[in-house]
Amino acid sequence: MATYPQKVDLTAADIQRLMQSPDFISRRMQTLGDRRYIGTMLLKGRQDSVGGAVGYELAEGIFADDAPEVVAPGAEYTLTTIGDGPAGTARVAKWGKDSIVTDESIKRRKIDPVNKGLLKLANSAGLVIDKSCTSVIASAVTDTAAAAAKWSTGPDTILQDIMLAQAKVTGLNMGYQPDTLLVDDTVWAYLASDKTISNAMAREDKTNPVYSGRFEVLAGLEVVHVPGANLPGGSGTSAYMFDSNQLGFIAKEDLGGGYQSAGDLVETKVIRDELTDAWRIRARANFAPVVTDPGAGISIKGVA
């Protein structure tokens, strides 16, 4: 894949040549995009859609309908049924937006209008993917646990709240192993500065949030923090815990048309518009988020 130049003294002719390279646009958008989006991280599975929709089954136990039995020598094995979960269908939707970069803006402002247009398109695409994924998650994941007290009050029970929620998920006996704790930025600040948790961490360890500003791992969970509006349900009063490997998947469909990949789901295209002496930059995402295992997630209510 082509790389893009880092220097800022590109001439207008240089930029016009770069605009003719689809790889330049896709690479630049992938680099500029804000990495705080979480939808694709929570729904790690991927499936290809054919015909604009995808079928799936909701989880319904991990065991056969009957337990194994003792088999006498020479006897036949008895049969058991293997139940299927409820079937569902998700329809792929195409999301996209264009931005215009005129020859005049390139001549006068060099690479700046290109960067600004790509950055805003990348962030807009990431945001719509997030909102679609978290909306589906909020509707499907209904299991809850209650915090013993608001984490902002500095209780000694934050770690216990987290581990009790873990136990509730693993206790379903469905093979779920939560790996992600999702909180908003404010709740993360309370969590990272909690004295009970910090005192239990390794001393003088540079991965300690006092030094790094983040958790590498807490009770086996990667701690991810985002603005409250990006959380499932759009509220920062709850913390969310997921087994991201089993929660669900995102179906995507390859529509062709000369688009370049700019990450996991986002595609880009550059179109020259000679009628207006401008470049049309397009970003699109064609996908459908699906939650197949609602039990792989839980919300801890009342943390803020």
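Q: Which residue's side chain is joined to that of threonine 292 by a polar contact, and at what distance?
A: In this predicted model, the side chain of threonine 292 is joined to the side chain of aspartate 293 by a polar contact of 2.7 Å.

Q: And where does threonine 292 sit, buried or exposed?
A: Threonine 292 belongs to the loop that runs between β12 (278–291) and β13 (297–301), and it counts as buried because its relative accessibility is 11%, which falls under the 20% cut-off.

Q: What does threonine 292 touch, leaving out residues up to four places away in sequence?
A: With those left out, threonine 292 touches Tyr56, Glu57, Leu58 and Ala59, and also Gln246, Leu247, Gly248 and Phe249.

Q: Tyr56 and Phe249 caught my eye; how many aromatic pairs turn up in the whole structure?
A: A search of the whole structure gives two aromatic pairs. In one of them, the ring centres of tyrosine 56 and phenylalanine 249 are 6.3 Å apart and the planes stand at 75 degrees, so this pair is edge-to-face.

Q: Which strands does that pair tie together?
A: Tyrosine 56 is in strand β2 (residues 53–57) and phenylalanine 249 is in strand β9, so the pair links parts that lie 193 residues apart in sequence. As for accessibility, tyrosine 56 is partly exposed, with a relative accessible area of 21%, whereas phenylalanine 249 counts as buried at 5%.

Q: What about tyrosine 240 and phenylalanine 242, stacked or edge-to-face?
A: Tyrosine 240 and phenylalanine 242 form a stacked aromatic pair, with 6.3 Å from centre to centre and 5 degrees between the planes. Tyrosine 240 counts as buried at 10% relative accessibility, and phenylalanine 242 is buried too, with a relative accessible area of 0%.

Q: Switching to serine 244, where is that one?
A: Serine 244 is in the loop between β8 (238–242) and β9 (248–252), and at 0% relative accessibility this serine counts as buried.

Q: Which side chains does the side chain of serine 244 make polar contacts with?
A: One polar contact goes to the side chain of lysine 44, at 3.2 Å, and another goes to the side chain of aspartate 179, at 3.0 Å. Not counting residues up to four places away in sequence, serine 244 touches Lys44 and Asp179 along with Met41, Leu42 and Thr180.

Q: New topic: what lines the second largest pocket?
A: The second largest pocket is lined by 13 residues, and Ala67, Pro68, Glu69, Tyr77 and Thr78 are the ones that lie nearest its centre. By class, the lining of this pocket comprises eight nonpolar, two polar and three charged residues, and the volume of the pocket is about 190 Å³.

Q: And threonine 31, which helix is that in?
A: Threonine 31 is in helix α2 (residues 22–32), where it counts as partly exposed because its relative accessibility is 34%. From C-alpha to C-alpha, threonine 31 and proline 178 are 30 Å apart in space, and they are 147 residues apart in sequence.

Q: Last one, for the overall picture: how many helices and strands are there in the chain?
A: The protein chain has nine helices and 13 strands, and its C-alpha atoms fill a box of roughly 80 × 55 × 30 Å along the principal axes. Of its 304 residues, 41% count as buried, and among the contacts with a separation of 6 or more, 79% come from residues 24 or more positions apart.

Methods
Residues numbered from 1 in each chain as written. Predicted model: local features only at pLDDT ≥ 70, side-chain atom pairs only at ≥ 80, totals over all residues. Heavy atoms only, no water. 1 Å grid on protein atoms, 1.4 Å probe; cavity = no way out; pocket = protein on both sides within 12 Å on 5 of 7 lines; lining within 4 Å. Points joined across faces, edges and corners; volume = space filled by probe spheres on them. Nonpolar A, V, L, I, M, F, W, Y, C, P; charged D, E, K, R; others polar. Helix = DSSP H or I, 4+ residues; strand = E, 2+ residues; numbered from the N terminus. Buried < 20%, exposed > 50% of the residue type's maximum accessible area, 1.4 Å probe, protein only. Polar contact = N/O pair within 3.5 Å; in protein donor to acceptor, adjacent residues only side chain to side chain. Contact = heavy atoms within 4.5 Å. Phe/Tyr/Trp six-rings, centres within 6.5 Å; stacked < 30°, edge-to-face > 60°.
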